[in-house]
Amino acid sequence: QTLSERRARKVMEVLVDTYDVAEDRVSAVGYGEEKPIADNSTRAGQAKNRRVVAVISATIEKRAD
């Protein structure tokens, strides 16, 4: 769980520090063993579970012409 949270936090830090995304617009969640996509009993499954999933949403404001 701790590793998952650190990985998510690091991605958040890169977005904020490298790409100037406002910190209050980004959140990080580590799911650890809670949401695996593969079997953790094999090395291949463990490798597949070491991933980052990004959910991006945007609000588009229409300018009055």
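Exposed means over 50% relative accessible area, buried under 20%, and partly exposed anything in between (1.4 Å probe, protein chains only). This is a predicted model, where local features need pLDDT of at least 70, side-chain atom pairs count only at pLDDT 80 or more, and totals for chains, interfaces and linings use all residues. Residues are numbered from 1 along each chain as its sequence is written, and side-chain values use heavy atoms, with hydrogens and water left out.

**View 1. The two sides of helix H1.** Helices here are DSSP runs (H or I, at least four residues), numbered from the N terminus. Ser4, Ala8, Met12 and Val16 are the buried part of H1. Looking down the axis, the buried residues of H1 sit within an arc of 110° (taken from the directions from the helix axis to the C-beta atoms), so they line one face of the helix. Turned away from that buried side are the exposed Thr2, Arg6, Lys10 and Asp17.

**View 2. H1 from end to end.** H1 runs over residues 2-17, 16 residues in total. The expected span is 1.5 Å times one less than the number of residues, so H1 should cover 22 Å, and its end C-alpha atoms are indeed 22 Å apart.

**View 3. Val14 up close.** Val14 belongs to helix H1 and is partly exposed, at 35% relative accessible area.

**View 4. Gln46 and its surroundings.** Gln46 lies in helix H2 (residues 43-49) and is partly exposed, with a relative accessible area of 30%. Leaving aside residues up to four places away in sequence, Gln46 touches Asp39 and Asn40 (contact means heavy atoms within 4.5 Å). Pro36 is 10 residues from Gln46 in sequence and 8.8 Å away in space, C-alpha to C-alpha.
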